[in-house]
Amino acid sequence: MFSLVLAQSCFLLLSTTLGYAADITDLPGKLQTISSQYYPSIADIGRKVWANPETATEEHYAHDIVTSFFSRAQPSRFKVTPHAYGFDTAFKLEFVHRPAGFSGELPTFAYLAEYDALPGIGHACGHNLILTVGLAAAEFSRQALIDYNLPGRVLVYGTFDEEDKAGKSQLLNAGAFADKGAIYMLAHPSISSSVSPMGARINAVVKVKEESHTLAVQNAYKQLVIAKDLSKSLPGHSSTISPVSDIGVYAVNVVQTSIQLGVTGVTEEGLNSTLYALKTNGPTFSKVTYTLHEDANGIAITFTGPGGHASEGTQGALSFSVETFRALTTSNISDSLSFYTPSNTSHNEFDITVDLRTRYTHELDQVRDYVHNALNNGIPDSITYDLPYPALEVHPDLGNWFTHVLNTEPTFADANDVWSVISVAPAATDASFLQNPTIDETSYELLKSDRVVFHPSFDICAPGSTSCPFNHEPEFAPMATTDYAFAQAEKAARAFAYAAIELANNATFLDSVLSITRK
């Protein structure tokens, strides 16, 4: 384990090996001064991106406002590459400070910016704040390197499409992130401040195609029942399964807030009795509501419930509709029933996306095979899979050092915002493709990684709040544009810059952090 005292007291060694060591005892205050100069304009970009949400690969406004700002409004501070690596909405910023007489390898700090929104619910994952942190941290680091005359290189990678098709994996394959000696950093808004791992993830797409609409709906729901029941017996650590129907507004890793299911062969009174019994049988669906109305085909049920992140396994509208289908098809009137989707009764093909997650990368194949065997029961026309996301592991030295600084340095410390290193993986991230970690499959210790990737989460739930929605719940979007959220983003950006300058100024610290990539 890295020694904090040793790492922060090796100026003599640094002077000997690199020829550069600055007195950075005033760094916390200097970063506050730098922030007061640069943060307001960066925060303005983050607010404008929030107000103009764009889904995966469509982030043209976000791309253009950033590249225009650094090319025209603030020229010469960074080299700007729009449409980077051949992708319309990717960009790259680069700054190099090489003091006179320095000919060594430059310490490199690369900030990962995300800015895609979610279909129908805007920036309910707060990627406008990830962009804000990345741009602000780069500005703060750039100016501090100049002020202390320290050698260093600062990069910002504008990474598109985190939510759907793993934009960072696409960029990696196109030649981005080539510097394996860089420290890659990204801070994500959440409802607590922590350094945590991220889980492994893969999506299965179950295609159900039948001769008639009603049979297709019935068999699609049979698959949903199976998928829901699998959650009780999945292999691996902290594994989850969350199905998403491709009807209406949906995204593969978002729990839907509204689902419709139509039923024929039952009276409204009988149907309401079934629904009431499900809703009042314990707290499972206490937050889900439903309405009934007759249409030309039967009785249409509209379920409305909480949204959320697929990793949470929220018992929302789709879950209630699945339990309704289960209750009706196991009742004494099941033979007389048929089902339809009120929004379109002509479809005879349905896709169900099944979001699969587990804690460790090597367990993902086990989970996928287990689910595949259960769902490959003669009903689906096909079952296909998207790109598997590896897990992201916590860098032990950097994680412990970072939380120590955030909790003890007076310009960061806040009794209402205590940082910790935790073992729970709250979600998945495509930043894991850059890290590509190797762990001991018995002890689960991180053995090595392709790159150092640091991915903390910062709390945007204002002090005194009685409750706060989690990422991907619709109510998270308005939280991501509050003054408190932008103040927390500023603090995260300063903390990243603080880390960058400490690393640039301390050879032992930098070598310790990077050693995981050389094992």
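Visitor: Which residues of H3 are buried?

Guide: Happy to start there, with the note that this is a predicted model. The buried set in H3 begins with Leu27, Pro28, Leu31, Ile34, Ser35, Tyr38 and Tyr39. The rest of the set is Ile42, Ala43, Ile45, Gly46 and Val49.

Visitor: What do the buried residues of H3 pack against?

Guide: They have helices as partners. Two of these are helix H4 (60–73) and helix H5 (127–148), and the list is completed by H14.

Visitor: What distance separates the end C-alpha atoms of helix H3, and what span is expected?

Guide: Helix H3 covers residues 27–51, which makes 25 residues. At 1.5 Å a residue the helix should span 36 Å, and this agrees with the distance between its end C-alpha atoms, 34 Å.

Visitor: Where does H3 bend, and by how much?

Guide: Look for the proline Pro40 in H3, and go back to a residue that it follows within four residues. The bend is at Tyr38, and its angle is about 50°. Tyr38 is also among the buried residues of H3.

Visitor: How many residues of H9 are buried?

Guide: Helix H9 spans residues 317–329 and has 13 residues. Its buried residues include Phe320, Val322, Phe325 and Leu328, and Glu323 is on that list too. H9 is mostly covered, with the buried count at 10 of its 13 residues.

Visitor: Which strands stand at the edges of the sheet of 6 strands, and why is one side of each left without a neighbour?

Guide: The sheet is open and its pairing is mixed, with the order S1-S2-S4-S3-S5-S21. One side of each edge strand has no neighbour in the sheet because each has a single partner strand. The edge strands are S1 (79–82) and S21 (452–454).

Visitor: How many bridges join S3 to S4, and which residue is the bridge partner of Ala113?

Guide: Strand S3 (residues 108–114) and strand S4 (residues 152–159) run parallel. The number of bridges joining S3 to S4 is 7. In S4, the partner of Ala113 is Gly158.

Visitor: Which helix lies across S3, S5 and S21?

Guide: Its direction is at about 160° to S3. The helix covers residues 483–504, and its name is H14.

Visitor: What is the order of the open sheet of 4 strands?

Guide: The pairing here is antiparallel. Strand S12 (289–294) and strand S15 (338–340) are the edge strands, each pairing on one side only. That fits the order S12-S13-S11-S15.

Visitor: Which residue in S13 stands opposite His293?

Guide: S12 and strand S13 (residues 299–304) run antiparallel and are joined by 6 bridges. Opposite His293, in S13, stands Ala300.

Visitor: Which cysteines form the disulfide, and is it right-handed or left-handed?

Guide: A search of the whole structure finds 1 disulfide. It joins Cys461 to Cys468, with an S to S distance of 1.9 Å. The torsion about the S-S bond of Cys461 and Cys468 is about 75°, so this disulfide is right-handed.

Visitor: How far from Cys125 is the nearest cysteine sulfur, and is Cys125 buried or exposed?

Guide: Cys125 is in no disulfide, and the nearest cysteine sulfur, that of Cys468, is 15 Å away. Buried means under 20% relative accessible area. Cys125 has a relative accessible area of 5%, so Cys125 is buried.

Terms used
Residues are numbered from 1 along each chain as its sequence is written. This is a predicted model: local features need pLDDT of at least 70, side-chain atom pairs count only at pLDDT 80 or more; totals for chains, interfaces and linings use all residues. Side-chain values use heavy atoms; hydrogens and water are left out. Two strands pair if DSSP finds at least two bridges between them. Helices (H or I, at least four residues) and strands (E, at least two) are DSSP runs, numbered from the N terminus. Contact means heavy atoms within 4.5 Å. Axes are lines fitted to C-alpha atoms, for helices over the stretch in contact, and angles run from 0 to 180 degrees between N-to-C directions. A disulfide is a pair of cysteine sulfur atoms within 2.5 Å. Buried means under 20% relative accessible area, exposed over 50%, partly exposed in between (1.4 Å probe, protein chains only). The expected span of a helix is 1.5 Å times one less than its number of residues. The bend at a residue is the angle between axes fitted to the seven residues ending there and the seven starting there.
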